[in-house]
Amino acid sequence: MKKKLFTLGFLTLALVALTLGSAWAKTVRIGLMCPLTGSWASEGQDMKQIVELLAAETNKAGGINGDQVEIVIEDDGGDPRQAALAATRLTTKEISSVIGTYGSSVTEASQNIYAESGILQVATGSTAIRLSEKNLPLFFRTCPRDDEQGMVAAKTLGALGYSKIAILHDNTSYAKGLADEAKSLLEKEGKTIAFFDALTPGERDYNAILTKLKSAAPDVVFFTGYYPEAGMLLRQKMEMGWNVPMLGGDATNNPDLVKIAGNKAADGYMFLSPPVPADLDTPEAKAFMEAYKAKYGTAPGSVWAVLAGDAYRVIVEAIAKSKETSGEKLAAYLRTQLKDFSGLTGKISFNDKGDRVGDLYRVYKVDAAGAFVLQP
Amino acid sequence: MEEFFQQLTNGLAVGGIYALIALGYTMVYGVMKLINFAHGDLFTIGAYLGLTLLVSLGLFDKIGPLPAVILLAVMVMILVAIIGAILERVAYKPLRHSPRLSAVVSALGASIFFQNAIMAIYSPKFLVYPHDILPKAAINILGLDIPVMRIILFLTSLLLMLALYFFIQKTKIGTAIRAAAIDQGAAKLMGINVDRVIMLVFCIGPALGGAAGLMVGLYYGQINFSMGWMYGLKAFTAAILGGIGNIPGAMVGGLLLGVIEALGAAYISIAWKDAIAFCVLILILIVRPTGLLGERVAEKV
């Protein structure tokens, strides 16, 4: 009996100590929703590594206003249904703001859930136009929008002197949106759209599509889908012996594209994108690239994961400067007071809709060694 | 017209792979009346094992491309067959006398397990077979440029399928498999070790699936942990199209599905390619519920 009492007393003490302890060490909880599994898992893993690295740096430097940062991660699987579940789980974990996620359709599935719970959402790779046209006051994103990319695409195709253009998308909300945008702009300029259709992502054999594309005889193929399919298209296009130039959208910005296609097939491929990590030239970016390399041994894959780092940084800035943690207050700060914040990918400011303002797109070309070369 | 024949060869190349995977579904269904939903993932495992062995043993430099591919195929088929046998032992055998739904759920669980295991072991990134290990030459037949590899790919699947067909039809073990497929109880009474037959079916089916995975890896280059899902679904469709449980049916169904897809993409719409393939499946099931080569079996009362 005595022993039992003793154990009970000890447990109670331990419990009290624990609750007191957690009350003393106040933490700021920031959510991260990213595709750790599913077909975009590699992007999600990078996002996780980057945000964790930055959070560790913040904590080492004393936290935000003395509070330690804790990152709460949920996997959205790159799938809208799973994203809704992930978002719901995150809303129960006492976070005031969330970073993520990568795909537009996935972000869309989570938007209202965060909005209803008063949580600030800073998306990182979701470029579809309508995400910010819904006027959700707590939604922001560190990436540019598809209409901007469509404009750059039309301009680039015009500047390169192509007039008969084939457009291929993959029916995801991002790729379809960009393809539609580019099509209407190009038609306005009097170009011929020789081909407009969608492929099924996730397949290995695109010969049927390439054969059909070839018979349309375009000057150039503009592909708005993702890098795994772009890599396969390049590779099978070469094996068919068809030498048409190809331009891709920003979702093909991933070094794995060259690995999949092979150096020979990828040579000369062009794509539009925000600057790749290696071309980030701000001092913050350089320091970040070094820290990332020191910790994980490689460079971060694509700029989309780095944009998650930027999302983290603007959230931390907003919490630090406004000394608030409620979603509404943070959103108000980001909208009105954050101007030209120097992020990893350049200057960051947001407009009323929560979109990042400023010109971010560049044109890249893959060289014979498989490197992404920034075009002047 | 040239485009039509080009699309036909495109379709046959893809269809050959579907057919090879479909054989695994059809064999397991024929004997156990179970759809092995983990079969697509065994295909993925074949692709990953192929890459691992290829890179770690450095076969291509040591013994040249042709012996290397054959040796690789044998190793992959044996390893995947072992995994298939283990899968049967762990996930299906304990449920043999349970309601059929339990086994289906177990199959789905095994599929999810395999996918996540591959992702955890190999990383979620796309992996790529070394480039230029196989000849990229194309030969010109009647004005069509057909890559040599594609012909070899097609002939290899055909060869494997025919070998299986004759194994099932002409050997004693094949007869035992057929007997177990008709009636397991009666087969047992005739002195057939049904457990061993099932184990064998779970070695042959996965081995063929693994070979298909290796072929896809070698030819298309790019593999990832979730590739088995799409191929599995298509092959499953092919098996039903041809008449599930029927081995020639799986071959015909696979090739037909590949050709329907390619022609559908060419003449109707690329985006509707899969929808067209499944519509044909539905139509055939309405007209011929047992599939193209399936026979109507009288229900036992």
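This briefing describes a strand sheet in chain A, the helices packed on it, and the cavities of the structure. The model is predicted. Its chain A contains an open sheet of five strands with parallel pairing, and the structure as a whole holds four cavities of 30 Å³ or more. The largest of these cavities encloses about 170 Å³, and its lining includes residues of chain A and of chain B, among them A:Glu203 and B:Tyr18.

**The sheet of chain A**

- The strand order in the open sheet of chain A is β2-β1-β3-β4-β5, and the strands pair in parallel.
- The edge positions belong to β2 (68-75) and β5 (139-141) of chain A; each has a single partner strand, so one side of each is left without a neighbour in the sheet.
- On average, neighbouring strands of this sheet are turned by 25° against each other, direction ignored.
- Strand β1 (residues 27-34) of chain A runs parallel to β2(A), and eight bridges join the two.
- A:Gly31 has A:Val72 in β2(A) as its bridge partner.

**Helices on the sheet**

- Helix α4 (residues 104-116) of chain A lies across β1, β3 (97-99), β4 (120-123) and β5 of chain A. Relative to β4(A), helix α4 of chain A runs at about 165°.
- Helix α14 (residues 327-336) of chain A also packs on the sheet, where it touches β3, β4 and β5 of chain A. The direction of α14 makes about 45° with that of β4(A).

**The largest cavity**

- The lining of the largest cavity consists of 17 residues. Nearest its centre lie A:Glu203, A:Asp205, B:Val14, B:Tyr18 and B:Glu261.
- Two or more lining residues come from each of α8 (207-216) of chain A and α1 (2-32), α10 (227-242) and α11 (247-267) of chain B.
- With four residues, α1(B) provides the largest share of this lining.
- By residue class, the lining of the largest cavity comprises eight nonpolar, three polar and six charged residues.

**The second largest cavity**

- The second largest cavity holds about 100 Å³ of space.
- From chain A, A:Glu239 takes part in its lining; the residues from chain B include B:Leu134, B:Pro135, B:Lys136, B:Met149 and B:Tyr219.
- Helices α6 (148-170) and α9 (194-220) of chain B are the elements that give two or more residues to the lining of the second largest cavity.
- Nine residues of the lining of the second largest cavity are nonpolar and two are charged, with no polar residue among them.

Definitions and conventions: Residues numbered from 1 in each chain as written. Chains lettered and ligands numbered in written order. Predicted model: local features only at pLDDT ≥ 70, side-chain atom pairs only at ≥ 80, totals over all residues. Heavy atoms only, no water. Pairing = 2+ DSSP bridges. Axes fitted to C-alpha atoms, helices over the stretch in contact; angles between N-to-C directions. Contact = heavy atoms within 4.5 Å. 1 Å grid on protein atoms, 1.4 Å probe; cavity = no way out; pocket = protein on both sides within 12 Å on 5 of 7 lines; lining within 4 Å. Points joined across faces, edges and corners; volume = space filled by probe spheres on them. Nonpolar A, V, L, I, M, F, W, Y, C, P; charged D, E, K, R; others polar.
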